[in-house]
Amino acid sequence: MFLRPFALGLLSHLAAIGLQFAGLLIPPSKLTHTQLALSFLPPIWACHIYSWSVGLGALAGVQVLWATELLLFQNPREKFQVIHHQPPPPSPPLKPTGESTSNSNEESEKDDKPKHVRKESYPTDFRSRLQWVFKLHISMRYIGWDTGSPSPSLPIPNNSISRNGRKQSRLRWLLNNMLLAGLCFLLIDATNAYQHLDLYFQIETPIDSAFPLPLSALLYRYASGFLPPPRLVRILVLGMQQYAVFTLINRVLAILHVSLGGLGIFGEWWGGVDSWPMLMGSPAVVWGSGLRGFWGRFWHQLFRDLFMSPAEALINVLGVKPKSLPAYSIKIVIAFFISGVLHAASLPRNMYRVSPLRYASFFWIQGVCVLLEVMVEQMLGDRQLKQRAWWKRYGAGIIRLLWTVVVLYVTVPVVADELTRVLRVMGLKPTVLLPMPLLRYSKMDRVFLREIIR
């Protein structure tokens with residue numbers, strides 16, 4: 001019995017993951033880093049290319065970059081270490097005598113946080129090595145790892161710290177994240193309900209096309225007589241939906257693991273509060289960083305290291321200073337170019353009127369705009385902005401915010417049209433789980449509809 005191409009592609013994908021796992025299990029004493037890359041990367045690439053050709057583009061593209069990251073650009077067997085957080089030792093008992101406690105205070109100051117951290121290098125024992133490699137395979141953001149890199153990545157958003165600067169308890173952390181997950185679920189359901197009312201998400205229409213009359217009446221009624229631009233509303237709907245989906249998936253996994261960690265089933269590496277930072281950042285970074293802050297700190301950084309490693313390798317080959325403007329430009333160009341190719345490869349192949357090149361061009365345009373923003377701020381001396389008057393700092397923040405809004409307002413239709421077209425061609429319709437009585441077309445809406453028609 002012959003398997004279908006899609007089933008063969010799935011088996012090929014699993015075979016590539018197995019090859020990557022098996023290669024990392026071989027100690028460097030038996031197979032050097034160069035030999036490992038030459039032996040395992042070609043068959044892994046071949047398996048993923050076949051998987052992409054039969055329709056597994058989204059999985060194959062990410063796994064190709066991940067395998068290249070671990071087997072070529074990085075050397076995890078010799079440089080990486082797993083970080084294990086251990087509870088601090090109990091404090092010594094107080095002395096009953098009236099002796100000075102200055103010595104004990106000095107010892108407690110020396111006994112700081114780094115002493116409660118244990119780092120595990122590549123194990124020699126095979127059983128421990130299995131666990132070590134498995135943790136590496138699922139750590140695409142390198143959370144809980146010391147990669148030995150001289151230039152660490154940007155700090156990952158951490159939601160384990162409360163507003164007063166203290167670390168939250170596990171129970172409070174779980175309650176806050178359950179509330180966040182619930183809000184994301186409601187937001188996804190609301191955006192799905194909206195897509196059933198807007199013809200842009202149902203038939204082939206431009207993103208600037210007018211709202212259907214019932215939807216116009218509804219928006220006019222609940223927006224206090226103001227009818228927002230159709231493009232703005234549709235961009236916000238898609239953006240909030242993407243943000244809520246990424247956050248909900250991340251928070252559900254976090255709640256599950258942290259809960260099991262509280263029950264003692266998982267250790268701190270799997271079930272610790274610090275092991276599950278937020279996937280998405282705060283939009284407030286746009287005020288201080290503009291478009292590069294939007295893509296570098298607000299949007300998810302799942303593939304940041306996958307995009308940065310080829311750029312850093314090229315910088316080292318060319319001998320460019322790591323923190324110079326040419327080095328930063330190389331990182332921007334390569335990162336957004338690979339991002340465009342990866343997202344284009346995730347689209348279904350040979351679909352009518354779906355253009356992977358147009359889809360990829362959105363990310364390439366973003367890279368050009370980010371590079372332009374960096375060059376302008378370099379010429380204006382942005383590093384000295386904190387020393388300027390307050391009105392200049394606020395003015396710069398407003399300019400960054402407007403620049404980011406304008407760039408996204410102009411360019412998002414490029415990617416939104418392709419996404420909605422794919423969903424329509426594949427017959428995928430958003431699911432609404434909760435009743436939304438406010439979105440029903442009532443008799444009162446007809447009054448507002450007549451006012452708009454006038």
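Which helix does His-33 lie in? Keep that in mind while you get your bearings; this is a predicted model.

**Whole chain first.** Show everything as cartoon and you'll have 16 helices and three strands on screen. Colour by burial, and 41% of the 454 residues come up as buried. Now switch on contacts between residues at least 6 apart in sequence: 74% of these join residues at least 24 apart. For the outside, draw the surface. The protein exposes about 26700 Å², with carbon and sulfur atoms supplying 66% of that.

**Select His-33.** Back to the opening question: His-33 is in helix H2, which covers residues 33–53. Is His-33 buried or exposed? Its relative accessibility is 19%, and the cut-off for buried is under 20%, so His-33 counts as buried. Show side chains and look for a polar contact: the His-33 side chain reaches the backbone oxygen of Leu-72 at 3.0 Å. Then expand the selection to what His-33 touches. Leaving out residues up to four places away in sequence, you'll pick up Leu-70, Leu-71, Leu-72, Gln-74, Asn-75 and Arg-77.

**Follow the leucines into H3.** Select residues 57–73, which make up helix H3. Put a distance between the C-alpha atoms of its first and last residues and you should get 22 Å, close to the 24 Å expected for 17 residues at 1.5 Å a residue. How many of the 17 residues in H3 are buried? Twelve of them are, and H3 is mostly covered. Try highlighting a few of these, including Gly-57, Gly-61, Trp-66 and Glu-69. Leu-70 and Leu-71, which His-33 touches, are also among the buried residues of H3.

What do the buried residues of H3 pack against? Turn on the neighbours one by one: H1 (5–25), H2, H4 (76–79), H6 (126–137), H12 (304–318) and H13 (325–345).

**Out to the surface.** Hide all that and select Trp-287, Trp-390, Trp-391, Tyr-394, Ile-398, Leu-401, Leu-402 and Val-405. Together these residues make a nonpolar surface patch of about 900 Å². Which helix gives the largest share of the patch? Colour residues 390–426 and you have it: helix H15 contributes seven residues.

**Last stop, Val-405.** Zoom in on this member of the patch, which is found in H15. Val-405 sits at 48% relative accessibility; since exposed starts over 50%, Val-405 counts as partly exposed.

Methods
Residues are numbered from 1 along each chain as its sequence is written. This is a predicted model: local features need pLDDT of at least 70, side-chain atom pairs count only at pLDDT 80 or more; totals for chains, interfaces and linings use all residues. Side-chain values use heavy atoms; hydrogens and water are left out. Patches are made of residues with over 30% relative accessible area and no salt bridge: like charges are joined within 9 Å, nonpolar side chains (Val, Leu, Ile, Met, Phe, Trp, Tyr) within 5 Å. Accessible areas come from the Shrake-Rupley method with a 1.4 Å probe; for residues, only the protein chains shown count as cover. A salt bridge is a side-chain nitrogen of Lys or Arg within 4 Å of a carboxyl oxygen of Asp or Glu. Helices (H or I, at least four residues) and strands (E, at least two) are DSSP runs, numbered from the N terminus. Buried means under 20% relative accessible area, exposed over 50%, partly exposed in between (1.4 Å probe, protein chains only). A polar contact is a pair of N or O atoms within 3.5 Å; within protein, one must be able to donate a hydrogen and the other to accept it, and residues adjacent in sequence count only if both atoms are side-chain atoms. Contact means heavy atoms within 4.5 Å. The expected span of a helix is 1.5 Å times one less than its number of residues.
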